[in-house]
Amino acid sequence: MSMVDLIVGLQWGDEGKGKIVDLVAKNYDIVIRSQGGHNAGHTVVVDGKKYALHLLPSGVLNPNAINVIANGVVVYPPQLIKEIKNFDKDIKNKLFISDKAHMILDTHIAIDKAREKLRGKNAIGTTGRGIGPAYADKIARVGVRMGELKNIDRLLEKLEHYYEMNKGYFEYLDIEIPNMDDLKKELQEWQNELGCNIIDTTKYLWDNFDKNMLLEGAQATLLDVDHGTYPYVTSSNTIASGALTGSGIPPKKLNKVIGIAKAYTTRVGNGPFPTEDLSEAGDKIRAQGAEFGTTTGRPRRCGWFDVVAAKYAVTLNSCDEVAIMKLDVLDGFDKVKVCVAYERDGERLDYFPSDLEGIKPIYVEFDGWEKSAGITKFEDLPENAKKYIEFLEEKIDCHIKYVSTGPDRNATIIR
C-alpha cells in the first residue's frame, strides 16, 4: 500500500534531518521539500563525501527518487541553479518545482539585511537570505511565483509596478531598484535553466498517490512562526501540519511522522535557549559536533537535551517515532545533563510555555560514556549511552527508532 511519511525537526533546526531523509529515501518514490528557503542547510555524507543541500530535497542522492520543491518553499533561482550544477545532469530529469512556489528576488535579500541592521540589539539573527521578505510579499499578495517565469514580459510589467509601489520604502532602506533590462536578462536566464522543471506539483502529487512519498521540512518545530519562540523564528510553519499546507497533500493521506532531535541541543541566532551551556562543556559539544551552520558558517549555540521542549514538539507534530542524532558527540563527557522541567519564580513547569522569559532548567545528570561512534547495534552501545537513550524515550513518550552514531549514512542504529 502506498504511503506518505513526514520527517520534521523537533528542536531549533540543524538536527540532522538530511541524514535520515537520505537513509530512508530508498523506500520512497518521491521526496518533497514543503517549506523554507535556502536559509536551510542539510548536510549529507555518503561514502565520505559531504553534500550541502539548501534547496534541493535530500532525496537527490537516491538515484531512483523524484524530487519535488513544493508550493510552500520560497526559491532563490541562482542558488537552485548552482545546486543543480553540483550534481550530475540527470538530477534535472528527476526534479519538479511548483509553479506556486514563491520566488526570492535580490531586493528581498537586500531588504532582509537592511532591516536586520536597523534592528540593532533587537536583531533576530536572520540568515539574510531574503526568506522573511519573500514570505511577507506572499502574504501581502504582491509576491512573484515561479510559474510566472513562463511569461517574462508580463512578469516584468508586474515587477515594474512592484518597484514603483515600494519606491519610498526602498529609498528609506537605501536599496537600489534594479535596471529593468538587466532584470529581464536575469529572468530569462532563470527561465532557460529552470523553466522545464516548473509544473503544477500539487496535481503531480495527487496523480501519484499510488507511489510512496516522503515529506521533508526545513528548520524545525521551535522555529515555527506560530508555535516557536516568536519573534525569534523563521517565516513559515515548520511543523507537520505546515508540511501538508506547503505541499497540497491532504491530511488523511499522511501515514507516519518521524521526529528528529540531536542528543543535545543547538540554536543559531538570537532568542531564548533554556539549556544553553556557556561553560567549557558547551564549547566541547560545539568542537566535537562541528557545530557551525551549513548555510552561514556561524558557530551554533550549544547545550543539553531539553525533554520539555522535545515532548512539546513530539505532541505538536503527532510523532510516531523519533531519531536521536549525533550521540557520538557526547563521547568523553564525565557527566551528561538532561533538562526534565523548568523553574520560573519558584514554580516548577512541566510544559513548554509561549514565553520563555525567566525560565531556568531543572537537570538530571547521567554518567558519561566512551566509544559510541560508529556503532550500528543498540546492544553494542556503552551501558550508560543505552540508559541515556532509554531515559529520553520514556520522557518524550515516543519510540526512538533511529540513533545516529556518526555522520556517515551507515553509522546508524535502527531499533
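This is a short tour of four places to select in your viewer. Keep in mind as you go that the model is predicted.

**Stop 1: helix α5**

Select residues 152-165, which form helix α5. This helix has 14 residues, and from its first C-alpha to its last it reaches 20 Å, close to the 20 Å expected at 1.5 Å a residue. Now show the side chains of Ile152, Leu155, Leu156, Leu159, Tyr162 and Tyr163, the buried residues of α5. They lie on the same side of the helix, because they cover an arc of only 120° around its axis. The spacing has a simple background: an α-helix has 3.6 residues a turn, so residues three or four places apart point the same way.

Next, colour Arg154, Glu157, His161 and Glu164, which are exposed on the other side of α5. What do the buried residues of α5 pack against? Add α3 (106-119), α4 (131-139), α6 (167-172) and α7 (180-194) to your selection and you will have the answer in view.

**Stop 2: strand β7 and its partners**

Move on to strand β7, residues 95-98. Leu95 and Ile97 point one way, while Phe96 and Ser98 point the other way. In a regular strand the side chains alternate between the two faces of the sheet. Are these four residues of β7 buried or exposed? All of them are buried.

Now bring in strand β5, residues 66-69, which runs parallel to β7 and is joined to it by 3 bridges. To find one of the pairings, select Asn67 and its bridge partner in β7, Leu95. Then add strand β9, residues 198-199: it pairs with β7 in the parallel sense over 2 bridges. Here Ile97 stands opposite Ile198 of β9.

**Stop 3: Thr229**

Select Thr229, in the loop between β10 (213-216) and α9. Thr229 counts as buried because its relative accessible area is 5%, where buried means under 20%. Show the side chain of Arg267 too, and look for the polar contact of 3.1 Å that joins it to the side chain of Thr229. Leaving aside residues up to four places away in sequence, Thr229 touches Trp12, Leu222, Arg267, Pro272, Phe352 and Leu356.

**Stop 4: Gly242**

Finish in helix α9, residues 240-245, where you will find Gly242. This glycine is also buried, with a relative accessible area of 10%. Which residue can you select alongside Gly242 to see a pair far along in sequence but 8.0 Å apart in space? Try Ser34: the two are 208 residues apart in sequence, and the 8.0 Å runs from C-alpha to C-alpha.

Note on methods: Residues are numbered from 1 along each chain as its sequence is written. This is a predicted model: local features need pLDDT of at least 70, side-chain atom pairs count only at pLDDT 80 or more; totals for chains, interfaces and linings use all residues. Side-chain values use heavy atoms; hydrogens and water are left out. Buried means under 20% relative accessible area, exposed over 50%, partly exposed in between (1.4 Å probe, protein chains only). A polar contact is a pair of N or O atoms within 3.5 Å; within protein, one must be able to donate a hydrogen and the other to accept it, and residues adjacent in sequence count only if both atoms are side-chain atoms. Contact means heavy atoms within 4.5 Å. The expected span of a helix is 1.5 Å times one less than its number of residues. The arc is that of the directions from the helix axis to the C-beta atoms. Two strands pair if DSSP finds at least two bridges between them.
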